[in-house]
Amino acid sequence: MEDKKIRVYLCEDSLEGILSAVHAAYHSRYGHRFIRLQEGDYIEQDLFSDYVQVRTDFAKADSVARSVRQKISVQAWDSILKASLHYRTGKAQDIYRFLNYGYQMGGSVINYIGEEHIQRVMFDCKTVSKEYDRMMGFTRFQELEDGSLFARIGPKSNLVPLLAGHFADRFPEE
């Protein structure tokens, strides 16, 4: 049995940051079982792991996104997109393992909830989807003195990227 140190890829807490780390981990050829992904600015490091800081690279993230849509499924892409918007720590590792299984199983990975990483990704996706639906239905805007629209929201997840597109389509003049 091979005995390697765990390699932890540290990435920005964003979809692009996580996908950049997925790209770096895959291309390292270090071995999936020895790789961990960790999002965020701060983590407690241990003595027995190697740490690699991954810079967010939009081209590499886009490459992984296209690969997920083509080789796994559009539904799997939608699931990791929404799961990445959840504020739960540890989501990068879950998304990484979800993609490992997805490249092996294809689109049926979203139904394989017996595996804990896939289960957490699907739960995060469902949580973000419910909150998104709620915000779309209950967000109300006020017009400010300068004519711009303002809405005060306090989502539990980072819904602004999803909501911005929705409301930009809904209020094209503003």
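In this predicted model, Arg-120 counts as partly exposed, at 30% relative accessibility. Its salt-bridge partner is Asp-94, with the two side chains meeting at 2.9 Å, N to O. This pair links distant parts of the chain, since Asp-94 belongs to helix α4 and Arg-120 to helix α5, 26 residues apart. Asp-94, for its part, is buried, with a relative accessible area of 2%. The contact does not stand by itself: salt bridges that share partners join Arg-88, Asp-94, Glu-116, Arg-120 and Asp-124 into one network.

As a general point, side chains of opposite charge can pair when their charged atoms come close. In this model the count comes to eight salt bridges. Another of them brings together Lys-91 and Asp-13, at 2.8 Å from N to O. Lys-91 lies in helix α4 and Asp-13 in the loop between β1 (6–11) and α1, so this contact ties together parts that are 78 residues apart in sequence. The two partners can also be described by their accessibility: Lys-91 counts as buried at 2%, whereas Asp-13 counts as partly exposed at 38%.

A salt bridge within one helix is found between Arg-66 and Asp-62, whose side chains meet at 3.3 Å, N to O. Both residues lie in helix α2, four residues apart, or about one turn of the helix. Arg-66 is partly exposed, with a relative accessible area of 41%, and Asp-62 is likewise partly exposed, at 37%.

Attention now turns to the aromatic side chains, which form two aromatic pairs in the structure. Tyr-30 and Phe-34 make up an edge-to-face pair, with 6.3 Å from centre to centre and 75° between the planes. Tyr-30 is buried because its relative accessible area, 14%, falls under the 20% limit. Phe-34 is buried too, with a value of 9%. The other pair, Tyr-101 and Tyr-112, is tilted, at 5.9 Å centre to centre and 50° between the planes. Tyr-101 sits in helix α4 and Tyr-112 in the loop between α4 and α5 (116–138), so the pair ties together parts that are eleven residues apart in sequence. Here both rings belong to partly exposed residues, with relative accessible areas of 25% for Tyr-101 and 37% for Tyr-112.

Tyr-30 has charged company as well as its aromatic partner. Arg-7 lies over the face of the Tyr-30 ring, at 3.7 Å from the ring centre. Lys-4 also lies over the face of Tyr-30, at 4.4 Å from the ring centre.

Finally, the surface of the model was examined for pockets. The largest pocket has a volume of about 250 Å³. Among the 13 residues that line it, Val-22, Tyr-26, Val-64, Ser-67 and Tyr-103 are the closest to its centre. Three helices, α1 (15–28), α2 (58–71) and α4 (91–105), each supply at least two residues of this lining. By residue class, the lining divides into six nonpolar, six polar and one charged. Helix α4 thus comes up again and again: besides its share of the pocket lining, this helix holds Lys-91 of the salt bridge to Asp-13, Asp-94 of the salt bridge to Arg-120 and Tyr-101 of the tilted aromatic pair.

Notes:
Residues are numbered from 1 along each chain as its sequence is written. This is a predicted model: local features need pLDDT of at least 70, side-chain atom pairs count only at pLDDT 80 or more; totals for chains, interfaces and linings use all residues. Side-chain values use heavy atoms; hydrogens and water are left out. On a 1 Å grid over the protein atoms alone, a cavity is a set of points where a 1.4 Å probe fits but cannot get out, and a pocket is an open set with protein on both sides within 12 Å along at least five of seven lines; lining residues have an atom within 4 Å of a point. Grid points are joined across faces, edges and corners, and a volume is the space filled by probe spheres set on the points. Ala, Val, Leu, Ile, Met, Phe, Trp, Tyr, Cys and Pro count as nonpolar, Asp, Glu, Lys and Arg as charged, and the others, Gly among them, as polar. Rings of Phe, Tyr and Trp (its six-membered ring) pair if their centres lie within 6.5 Å; planes under 30 degrees apart count as stacked, over 60 as edge-to-face and the rest as tilted. Buried means under 20% relative accessible area, exposed over 50%, partly exposed in between (1.4 Å probe, protein chains only). A charge sits over a ring if NZ of Lys or CZ of Arg is within 6 Å of the ring centre and within 35 degrees of the ring normal. A salt bridge is a side-chain nitrogen of Lys or Arg within 4 Å of a carboxyl oxygen of Asp or Glu.
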